[in-house]
Each structure stands twice: as C-alpha cells, then as structure tokens.
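Please examine the model shown here and work through the questions on its fold, core and pocket.

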Amino acid sequence: MEMSVEIVAHAPAFSMVAETAADMAVREALLDRAMGPKRKTKSSEKLRRGRRPSEGLAFVARDASGDVVGTVRLWDVTLGEGGPAALLLGPLAVDPSLKNAGIGSALMRHAVAEAARLGHAAILLVGDAPYYGRFGFSAERTGSLAMPGPYERHRLLALELVDGALDGAHGTLKASGRKLKASAPTMAA
C-alpha cells in the first residue's frame, strides 16, 4: 500500500525587536535595496534628518537566524507652529526577497501598539491609503496639515491613538525629536 505525504511549507519565523546600534549599517543597506536611491530626497526625510527616532520606537524584524529583514521607525514631530505633538512613521521597509510574507504588517502592528502603550496620541505617515488603511490610517484628519517640501496630499495619512488628538491640528509638520550627537572630529596622529 502506497502512502502519499503532503509536505507543507511553513512560513519562516520572525521576531519584532528594538533596533540596536549594531543594526544601523544593515538597516541602511536594507532601505537602499527596498526603496532605492531617491529615498533620501523625500519630504519625510527632511523631518528625520539629524534626529533620533522617538524613544523606544525603532524596530527591526529578525528572521530565525537573527538577520534583519525589516525595519520601521517613528519620529517625534509637532503639528504646525506650537501645535500638538505627534509621531511620523517611516520608513517601513522589508527585504525585497521577502515581500508578502507579512513582515511589514507585523512591524506596523507592533509599532502602532508600542506607540499607544507609550502614550502617544497620533501617528502620521506619507504612504498608500489602500495599504495603510487596514491599520486605521486615512487622509480624513490631515486636510489642514502639510509636509515640508513636495509630497502628494492624498498620501498624508493619520491614525489617532487618542480620540480627538488631531482636532484643530493645522500647519506644516516640524521635527521635534532628539537631535543626533555630532560626531567628534578624529585627531590626526
């Protein structure tokens, strides 16, 4: 009697963990592969340049062997001149060879849950509404807000973590996070 055996492939295991300083070079290489060379010219990048991610809100996805296969960070911003504090999410990136494995969704859910747990009131991002809509983001509350520099208005999306957090918010987003420390100049021997 012959038996047939069905082999079921299991999705690889991934863990969402805090980004470490040791992840920086790998993270940058991943972003270059996933987003291309123009990623550093985006309006969102202007708000991130020279800043640190919001405290406790920089994550990587690691595969079973510990390799970084995804990344997401959230950044502190102010909504307009003297406006309320919020977070700017991005970039979200996954190793192109692992697209559609659920890593981006898992990173998004983790980042949103941690931002809420840490007491943040709202998250904004520039992205595709069909993708980010499933996490609760929409352009419904962003009509009076703007990004510095060029961007597509319909792609400025927001998620309120606290009801009413975006009531009356208006103006251009401004970076408000911790600044990167300047590198110490090296001494010639």
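The questions and answers below move from the overall fold to single residues and then to the pocket.

Q: In what order do helices and strands follow one another along the chain?
A: This is a predicted model, in which local features need pLDDT of at least 70, side-chain atom pairs count only at pLDDT 80 or more, and totals for chains, interfaces and linings use all residues. Residues are numbered from 1 along each chain as its sequence is written, and side-chain values use heavy atoms, with hydrogens and water left out. Helices (H or I, at least four residues) and strands (E, at least two) are DSSP runs numbered from the N terminus, and the chain has four helices and nine strands. Read along the sequence, their pattern is β-α-α-β-β-β-β-α-β-α-β-β-β.

Q: Which element gives the most residues to the largest nonpolar core?
A: A nonpolar core is a set of buried Ala, Val, Leu, Ile, Met, Phe, Trp, Tyr and Cys residues joined through side-chain atoms within 4.5 Å; the largest has 23 residues, and L74, L89, M108, I123, Y132 and F137 have the most contacts inside it. At least two residues of this core come from each of β2 (58-63), β3 (68-79), β4 (85-89), α3, β6 and β8 (156-160). With six residues, the element that gives the most is α3.

Q: What is the span of α3 from its first C-alpha to its last?
A: The expected span of a helix is 1.5 Å times one less than its number of residues. For the 15 residues of α3, 21 Å is expected, and the span in the model is close to that, at 21 Å.

Q: Are Y132 and F137, which form an aromatic pair, stacked or edge-to-face?
A: Rings of Phe, Tyr and Trp (its six-membered ring) pair if their centres lie within 6.5 Å, with planes under 30 degrees apart counted as stacked, over 60 as edge-to-face and the rest as tilted. The structure holds three such pairs. In the pair of Y132 and F137, the centres are 6.3 Å apart and the planes lie at 75°, so the geometry is edge-to-face.

Q: Why does F137 count as buried?
A: Buried means under 20% relative accessible area, exposed over 50% and partly exposed in between (1.4 Å probe, protein chains only). F137 therefore counts as buried, since its relative accessibility is 3%.

Q: Which residue other than glycine has a positive phi, near 70°?
A: Most residues other than glycine have a negative phi, and most peptide bonds are trans. The residue in question lies in the loop between β5 and α3 and is exposed, with a relative accessible area of 82%. Its name is N100.

Q: Which two residues are joined by a cis peptide bond?
A: The bond has an omega of about -10°. One partner, P91, lies in the loop between β4 and β5. The two residues are G90 and P91.

Q: How much space lies in the largest pocket?
A: On a 1 Å grid over the protein atoms alone, a pocket is an open set of points where a 1.4 Å probe fits, with protein on both sides within 12 Å along at least five of seven lines; lining residues have an atom within 4 Å of a point. The lining has 35 residues, of which M35, L92, V126, Y132 and R155 lie nearest the centre. Grid points are joined across faces, edges and corners, and a volume is the space filled by probe spheres set on the points. For this pocket, the value is about 810 Å³.
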